[in-house]
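Work through the exercises below with the sequence and the 3D view open. Each task is followed by a solution in steps.

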Amino acid sequence: MNTDLSFIIIDDSELDSFLTRKFLKLTYKEVSISSFQNAQDALDIIGENAGSDNLTQTIILLDLQMPIMNGFQFVEEFEKFPPEVQKNYKIVVQTVLTAKNDPNDINSILKYGTVKSIIQKPLTTEKLLSLFEQ
């Protein structure tokens, strides 16, 4: 698998972040992974790195339902970055299949150009590989 790849996990659940990080470390031995429980912190880091010559493709695994800044707010702010910054990132929304999920949320988030796909938690090898087929 591609080693010029990094991941950003944005999820308010420490357990979900831990499990995703472990899975990614098992799948990719040498991969860069950053985790944030607050989406604003992730935006700040992306903004700080915006001027670097880093050509590494980064997949953002984003939880939609979070306090402080939810996934929608994150995407709205992310889309304010210039296209040359956005092109280095692929946003993948992670959801949990529950009765409280609003199907309109799923349809609404996919309307953003920077959101490439939606996958259900937990992350699996098949789901991870499907990210590269899109």
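**Exercise 1.** Does Asp16 count as buried, partly exposed or exposed, and at what relative accessibility?

Solution. Note at the outset that the model is predicted. Step 1: find Asp16, which is in helix H1. Step 2: take its relative accessibility, which is 23%. Step 3: apply the cut-offs, by which buried means under 20%, exposed means over 50%, and partly exposed lies in between. Asp16 therefore counts as partly exposed. Step 4: look at its surroundings. With neighbours within four places in sequence left aside, Asp16 is in contact with Asp11 and Lys121. The C-alpha atoms of Asp16 and Leu123 lie 9.6 Å apart in space, while 107 residues separate the two in sequence.

**Exercise 2.** Describe the place and the contacts of Ser17.

Solution. Step 1: locate Ser17 in helix H1, which covers residues 14-27. Step 2: classify Ser17, which is buried because its relative accessibility is 8%. Step 3: list its contacts beyond four places in sequence, which are Ile9 and Asp11. Step 4: examine Asp11 further. The backbone oxygen of Asp11 is reached by the side chain of Ser17 at 3.5 Å.

**Exercise 3.** State how many helices and strands the chain has, and give their order.

Solution. Step 1: count the elements, which gives 6 helices and 5 strands. Step 2: read them from the N terminus, which gives β-α-β-α-β-α-α-β-α-β-α. Step 3: add two totals for the chain. Of its 134 residues, 41% are buried. Among contacts with a separation of 6 or more, 75% are between residues 24 or more positions apart.

**Exercise 4.** Work out how H2 and H3 are arranged relative to each other.

Solution. Step 1: identify the helices, with H2 spanning residues 39-48 and H3 spanning residues 71-78. Step 2: take the geometry of the axes, which come within 10 Å and cross at roughly 15 degrees. Step 3: classify the angle; H2 is therefore roughly parallel to H3. Step 4: give the handedness, since the crossing of H2 past H3 is right-handed. Step 5: name the residues involved. From H2 these are Ala39, Ala42, Leu43 and Ile46, and they meet Phe74, Glu77 and Phe78 of H3. Sorted by type, the residues of this contact are 6 nonpolar, no polar and 1 charged.

**Exercise 5.** Find what Leu131 touches, and say whether Leu131 is buried or exposed.

Solution. Step 1: locate Leu131 in helix H6, residues 125-131. Step 2: classify Leu131, which is buried because its relative accessibility is 0%. Step 3: list what Leu131 touches, not counting residues up to four places away in sequence: Ile59, Lys90, Val92, Ser117 and Ile119. Step 4: take Val92 from that list. Its C-alpha atom is 8.1 Å from that of Leu131, and the two are 39 residues apart along the chain.

**Exercise 6.** Characterise Ile118 in the same manner.

Solution. Step 1: place Ile118 in strand E5. Step 2: classify Ile118, which is partly exposed because its relative accessible area is 23%. Step 3: list its contacts, leaving aside neighbours within four places in sequence: Val93, Thr95, Ile106, Ile109 and Leu110. Step 4: add a distance. Ile118 and Ile91 are 27 residues apart along the chain, with 8.8 Å between their C-alpha atoms.

**Exercise 7.** Examine three loop residues: Pro122, Ile68 and Asn88.

Solution. Step 1: Pro122 lies in the loop between strand E5 (115-120) and H6. The peptide bond joining Lys121 and Pro122 is cis, with omega about -5 degrees. Step 2: Ile68 lies in the loop between strand E3 (57-63) and H3. Although Ile68 is not a glycine, its phi is positive, about 70 degrees. Ile68 counts as exposed because its relative accessibility is 71%. Step 3: Asn88 lies in the loop between helix H4 (83-86) and strand E4 (89-95). Asn88 counts as buried because its relative accessibility is 18%. In sequence Asn88 and Thr56 are 32 residues apart, and in space their C-alpha atoms are 6.8 Å apart.

Note on methods: Residues numbered from 1 in each chain as written. Predicted model: local features only at pLDDT ≥ 70, side-chain atom pairs only at ≥ 80, totals over all residues. Heavy atoms only, no water. Axes fitted to C-alpha atoms, helices over the stretch in contact; angles between N-to-C directions. Helix = DSSP H or I, 4+ residues; strand = E, 2+ residues; numbered from the N terminus. Parallel < 35°, antiparallel > 145°, perpendicular 65-115°, else oblique. Left-handed = near helix turned anticlockwise from the far one by under 90°. Contact = heavy atoms within 4.5 Å. Nonpolar A, V, L, I, M, F, W, Y, C, P; charged D, E, K, R; others polar. Buried < 20%, exposed > 50% of the residue type's maximum accessible area, 1.4 Å probe, protein only. Polar contact = N/O pair within 3.5 Å; in protein donor to acceptor, adjacent residues only side chain to side chain.
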